[in-house]
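Here is a short tour of how some helices pack in this chain, with a look at the domains and the ligand shell along the way. Please keep the structure open as you read.

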Amino acid sequence: MEGIRTLRLCSNKNLPEFTVMVKGVVIGGNAPMAIQSMTNTDTMDVAATVAQCRRIADAGADLVRITVPSMREVAAMQAIKKELHAAGYDIPLIADVHFNPQVAVSMAAIADKVRINPGNYSDRVGKKKEWTETEYRQSLTRMAEKAQSLFEMCRKHGTAIRIGVNHGSLSSRIISRFGNTPQAMAMSAMEWMEVCRQFNFHQVVFSMKSSNVLTMIEATMLLYSMMQEKKLAYPLHIGVTETGNGLEGRAKSAAGIGALLLSGIGNTVRVSLTEPPENEVVFAKLLLEELVQIEYCNYTFFDGVLHYAEPKTDKVRLVAQAAALCGYLHYYHKVKKLVIENPNFSTTENQALADIILQACRIKMSKTEFISCPSCGRTQYNITEVLEKVKAQFGHYPNLKIGVMGCIVNGPGEMADADFGIVGGTKDKVAVFRGKERVSNFISVEEALLLLQQIMA
Ligand code: SF4
């Protein structure tokens, strides 16, 4: 039997770790795994955002993230914070800023943690392919300058930072040197880590996200070993992005998060689903419970074949545990086949569950792969409903990837390897993509589905 001896859930262990305080929540070291989720309301709609934060907190999240795309939302964040306090909720608030340094610095005085994206904070995602050594160095200097003002503000207000690398929005500079690869993702984080050390700012968490489970695992593992080489251990936020919904979305999250946590890597998790965000918290908690029991579950792994025979009566729990196991074993040993033998489900149901998990790990593609973001304040159409429609209409193409994304700002980049896509635009309008090419103006969802059908024919 392969794999079983190394299979255990533990915390990051070999190095003394920086712990990060986000209000009262400790991330890193021996602190319990922190669970977080993100609102998908319009941040300017203070009442709706407060109500959603409360539902996320009631579901058991330790932290909640809110999108702050521009200076307009900064005042709204202040109001959200005030109303949550008045209602007795002191859950730490994270401002999801991505690329606007002015917004990030402003939010450092209001939020408990600020998330920035190194791919576009001081660099451009852009198309520039060639970077001279001088240009490269100048860009790093710009990064340090922009980081310094953010660090100063964070230090003053006790605010933490997440440097959140996304596979879909790497800077052209880092791609020019390392390609669009897990290594580029890890290097993008390492560059920022150097700047953090240069300014002696250590209230930082790092993350490596991708909609491709293996890319996300590989990038995080790489970052972890690069930190080990330098005898550093910053806390890691882990999660798979744009997983979609239902059992499929849960299987991707479980495979990616499971593989890392079972390797002892990760301090805070975000399950990402195109569903109400409180569902993410429920599944994250359930996944952690299943991971703790995984060592004792009924499975064998031999010659690339994983047999999973834990008699779960609940499909979500089964998917959580079996997908985590499959993601973990696949990373280290390559899984060729998964057989689920659960007496509580029919042979067809067991096969369907195995197919979902194999697809999540991209071991066997038996239907269309959907890449769909959880949406956020940038989304102006009913993405949950549209994803269901797209899945129903275009679910039977095993060789295709279809993206259903919330916004035109980040959507096209984040679904970069999709063959086709629908991306949100102005109110209730979406645009259709063929690969990276936009093939429509903003049109209604009905028109978009028709167009999709035509161009896929
Ligand atoms: S793609 Fe756009 S809408 Fe979707 S989560 Fe990312 S920023 Fe929000």
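Helix H10 and helix H11 cross in a right-handed sense. This is a predicted model, so please read the geometry below in that light. H10 covers residues 315–333 and H11 covers residues 347–360, and their axes come within 10 Å, with a crossing angle of roughly 40°. The two helices are therefore oblique to each other, since an angle from 35 to 65 degrees is neither roughly parallel nor roughly perpendicular. On the H10 side, the contact uses Lys315, Leu318, Val319, Ala322, Ala323 and Cys326, and these meet Leu353, Ile356, Ile357 and Ala360 of H11. Sorted by class, this contact holds 9 nonpolar residues, no polar ones and 1 charged.

H10 has a second partner to look at. Helix H9, residues 277–292, has an axis that comes within 9 Å of the H10 axis, and the two cross at roughly 60°. That angle makes H9 oblique to H10, and the crossing is right-handed. From H9, the residues involved are Leu286, Leu287, Glu290 and Leu291, while H10 supplies Val316, Arg317, Ala320, Gln321 and Ala324. Here the classes come out as 6 nonpolar, 1 polar and 2 charged.

Now move towards the N terminus for another pair. Helix H3 (residues 101–108) packs on helix H4 (residues 133–157) at an angle of about 15°, and their axes are 8 Å apart. With an angle under 35 degrees, H3 and H4 are therefore roughly parallel to each other. H3 passes H4 in a left-handed crossing. Pro101, Ala104, Val105 and Ala108 of H3 make this contact with Lys146, Ser149, Leu150, Met153, Cys154 and His157 of H4. Its residues divide into 7 nonpolar, 2 polar and 1 charged.

The three pairs can be set side by side.

| Pair | Axis distance | Angle |
|---|---|---|
| H10 and H11 | within 10 Å | roughly 40° |
| H9 and H10 | within 9 Å | roughly 60° |
| H3 and H4 | 8 Å | about 15° |

It also helps to place these helices on the wider chain. The protein chain is divided into domain 1 (13–238), domain 2 (299–360) and domain 3 (369–456). Taken over C-alpha atoms, the centres of domain 2 and domain 3 are separated by 30 Å.

Finally, which residues are closest to the ligand? They are Cys373, Cys376, Gly406, Cys407 and Asn410, within a set of 13 residues that surround the ligand. By class, the ligand shell is made up of 6 nonpolar, 5 polar and 2 charged residues.

Conventions:
Residues numbered from 1 in each chain as written. Predicted model: local features only at pLDDT ≥ 70, side-chain atom pairs only at ≥ 80, totals over all residues. Axes fitted to C-alpha atoms, helices over the stretch in contact; angles between N-to-C directions. Helix = DSSP H or I, 4+ residues; strand = E, 2+ residues; numbered from the N terminus. Parallel < 35°, antiparallel > 145°, perpendicular 65-115°, else oblique. Left-handed = near helix turned anticlockwise from the far one by under 90°. Contact = placed C-beta atoms within 7 Å. Nonpolar A, V, L, I, M, F, W, Y, C, P; charged D, E, K, R; others polar. Near = placed C-beta within 6 Å. Domains from an automatic or database assignment.
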